[in-house]
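Work through the exercises below with the sequence and the model side by side. Each task is followed by a solution in steps.

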Amino acid sequence: MTRVLLRSAKDPFTPVSPELSLALYKQGIFGRNVGNLVFTESVHKLISVPGTEVVSNSFLSERPGVDQAYVDRINEQFDMFVVPLANAFRLRFLDNLERLTWVIERLRIPVVVIGVGVAGGTGSLDNPFPPPTDELRAAVGRFVRAVLEKSATIGVRGEFSRAYLAELGFGDDVVDVVGCPSLFRDGPDLQVAKRVAELTPESRFTVNISPYVRLMDEVGTRHAKRYPNMVYVPQGDEVLELLLWGTHPHNVRPGLPHHTGHQLYREDRIRFFVDTWTWMRYLAERDFSFGTRIHGNIVALAAGTPAYVLAHDSRTLELAQYHDIPHSLVPDLSPEVDAADLYAQADYTAFNAGQAQRWDRFAGFLERNGIEHVFQPGKANPDYDRRLDAVGLPPAVTTLMTTDPEARERITARLAELYSLGGLRALRRAHKPHIPFPHTAAPTGVGATGERRHLPAPVRSALRHSRALTRRLRRQP
């Protein structure tokens with residue numbers, strides 16, 4: 001039995017509840033963005049050949065706490081370390097990259113990096129490279145050298161990333177452009193075709209939104225009114241927290257559907273997925289997907305559903321160009337941009353025609369680096385998706401406004417669990433009755449309402465949001 005350690009958030013066959021997915025680590029099990037599950041799950045499927053055990057590293061190889069003992073266990077217990085990455089060449093990922101490099105330098109087994117990319121700064125549509133700091137360039141160079149000591153080539157996501165590594169001295173002899181592995185999950189035969197002639201107000205489709213793209217405030221709000229069956233599929237941990245606990249992100253803009261007052265929330269038209277498989281199956285039943293989230297649209301395409309990317313930076317543009325995904329640049333868009341127009345102009349001819357060639361390039365990279373995959377003769381794993389169907393992955397998280405009986409049962413169970421964990425004692429600590437004339441003088445820090453002013457500001461804020469949400473729910477018919 002060959003054992004492969006895979007950089008991923010979790011094993012795809014392990015159900016993790018939405019509550020625990022959010023609670024694990026400071027930024028959730030998926031590292032703030034559930035899109036990180038998409039490309040890692042795809043690699044997990046691709047390399048799950050007979051006779052190979054694939055083990056998730058839970059992203060621990062780049063988190064604080066790695067030491068020589070951890071590295072020694074990898075060397076002793078695994079035959080290969082496979083590392084799917086996204087836009088890792090950026091300043092905000094620097095600490096993670098350096099820790100991951102430290103681990104790779106000490107490994108004695110092959111290490112293969114798949115789909116790593118560069119992330120430009122502000123204005124990256126004009127300049128796709130990150131700020132030219134010596135610290136980042138040195139860290140990226142050290143990382144690539146460490147990887148190439150243990151593999152034949154390194155796989156990057158597109159031409160921008162290839163050009164960046166070329167500037168650092170790594171040529172095409174050691175750099176392969178392979179795109180995003182998510183679009184190779186089901187091999188070379190993926191094709192996308194429109195299922196309806198046009199989008200109408202009754203069409204069922206989805207929108208995805210990057211909260212830092214302000215144009216999407218207007219787009220999301222206007223589409224919510226015009227298309228009553230449009231659903232928002234978010235990816236950030238802050239929206240999962242809103243859906244689970246009613247906690248608003250800080251300084252949320254009114255037009256962004258990240259608060260309980262937005263139409264999409266009030267009408268229960270938000271769905272959050274904590275597994276790639278349930279996300280894909282949902283999008284497979286929609287007519288269309290559009291928006292600024294690259295993996296939100298790639299999941300749709302992988303499910304055979306037409307998608308349109310609104311490219312707002314070099315990361316999204318790089319993959320849209322490489323895979324011939326229909327797209328427009330956000331700066332070129334009118335605020336009146338409409339999903340029906342995007343659907344009408346979307347042409348998947350180049351995407352479909354180029355899929356086989358892109359697959360051959362990707363598969364050649366895997367084989368050149370000693371990775372067996374399920375599309376090689378005799379290596380198929382037909383039970384993979386059937387096993388995913390059978391493990392009982394959690395369904396999509398809804399808003400608290402849902403009328404679906406099963407979803408309401410899950411909300412009731414969630415509140416019951418929260419109450420059992422905190423109980424009356426915790427409530428009494430947070431809420432004190434107003435007693436005009438107590439037995440003894442009020443202790444310092446307790447106000448006239450009995451609320452403890454020394455509670456941390458986030459806790460006080462959450463309590464206020466909870467009370468306000470409770471009042472709104474009671475007013476619902």
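## Exercise 1: The surroundings of one phenylalanine

Leaving aside residues up to four places away in sequence, phenylalanine 351 touches Leu183, Leu190, Val192, Leu301, His323, Asp324, Ile325 and Arg358. The model is a predicted one.

Task: state in which helix phenylalanine 351 lies, whether phenylalanine 351 is buried or exposed, and how far apart phenylalanine 351 and aspartate 324 are in sequence and in space.

Solution.
- Step 1. Locate the residue: phenylalanine 351 belongs to helix α14, which covers residues 349-368.
- Step 2. Check the accessible area: the relative value for phenylalanine 351 is 0%. The cut-off for buried is under 20%, so phenylalanine 351 is buried.
- Step 3. Take aspartate 324 from the list of residues touched. Aspartate 324 and phenylalanine 351 are 27 residues apart in sequence, while their C-alpha atoms are 4.8 Å apart.

## Exercise 2: The whole protein

Task: give how many helices and strands the protein has, and what share of the residues is buried.

Solution.
- Step 1. The secondary structure comes to 17 helices and 11 strands.
- Step 2. Of the 477 residues, 56% are buried.
- Step 3. For contacts with a separation of 6 or more, 74% are between residues 24 or more positions apart.
- Step 4. The accessible surface is about 21,400 Å², and carbon and sulfur atoms account for 52% of that surface.

## Exercise 3: The sheet of 4 strands

Task: find the strand order in the open sheet of 4 strands and name the strands that stand at its edges.

Solution.
- Step 1. The order is β2-β1-β3-β4, and the pairing is parallel.
- Step 2. β2 (52-56) and β4 (111-114) each have a single partner strand, so each has one side without a neighbour in the sheet and stands at an edge.
- Step 3. With direction ignored, neighbouring strands of this sheet are turned by 25 degrees against each other on average.
- Step 4. For a single pairing, take β1 (residues 2-6) and β3, which are joined in the parallel sense over 3 bridges. Leucine 6 has valine 82 in β3 as its bridge partner.

## Exercise 4: The sheet of 5 strands and its helices

Task: give the strand order in the open sheet of 5 strands, and state which strands helix α11 lies across.

Solution.
- Step 1. This sheet is ordered β8-β7-β9-β10-β11, with parallel pairing.
- Step 2. β8 (231-232) and β11 (327-329) pair on one side only, which puts them at the edges.
- Step 3. Between β7 (residues 206-208) and β8 there are 2 bridges in the parallel sense. Valine 207 stands opposite tyrosine 232 in β8.
- Step 4. Helix α11 (residues 294-302) lies across β7, β9 (289-291) and β10 (307-311), and runs at about 165 degrees to β10.
- Step 5. Helix α12 (residues 314-322) also packs on the sheet, where α12 touches β10 and β11. The directions of α12 and β11 make an angle of about 145 degrees.

## Exercise 5: An enclosed helix

Task: explain why helix α8 is described as largely enclosed by the rest of the structure.

Solution.
- Step 1. List the buried residues of α8: Asp237, Glu238, Val239, Leu240, Leu242, Leu243 and Leu244.
- Step 2. Helix α8 (residues 237-245) has 9 residues and 7 are buried, so the helix is largely enclosed by the rest of the structure.
- Step 3. Look just after α8: glycine 246 has a positive phi of about 75 degrees.

## Exercise 6: Rings

Task: classify the aromatic pair of phenylalanine 89 and phenylalanine 143, and state which parts of the chain the pair ties together.

Solution.
- Step 1. The count of aromatic pairs is 14.
- Step 2. The rings of phenylalanine 89 and phenylalanine 143 are 6.1 Å apart, centre to centre, with 75 degrees between the planes. Planes over 60 degrees apart count as edge-to-face, and this pair is edge-to-face.
- Step 3. Phenylalanine 89 is in the loop between β3 (80-84) and α4 (94-106) and phenylalanine 143 is in helix α5 (residues 134-148), so the pair ties together parts 54 residues apart in sequence.

Conventions. Residues are numbered from 1 along each chain as its sequence is written. This is a predicted model: local features need pLDDT of at least 70, side-chain atom pairs count only at pLDDT 80 or more; totals for chains, interfaces and linings use all residues. Side-chain values use heavy atoms; hydrogens and water are left out. Two strands pair if DSSP finds at least two bridges between them. Contact means heavy atoms within 4.5 Å. Axes are lines fitted to C-alpha atoms, for helices over the stretch in contact, and angles run from 0 to 180 degrees between N-to-C directions. Buried means under 20% relative accessible area, exposed over 50%, partly exposed in between (1.4 Å probe, protein chains only). Rings of Phe, Tyr and Trp (its six-membered ring) pair if their centres lie within 6.5 Å; planes under 30 degrees apart count as stacked, over 60 as edge-to-face and the rest as tilted. Accessible areas come from the Shrake-Rupley method with a 1.4 Å probe; for residues, only the protein chains shown count as cover.
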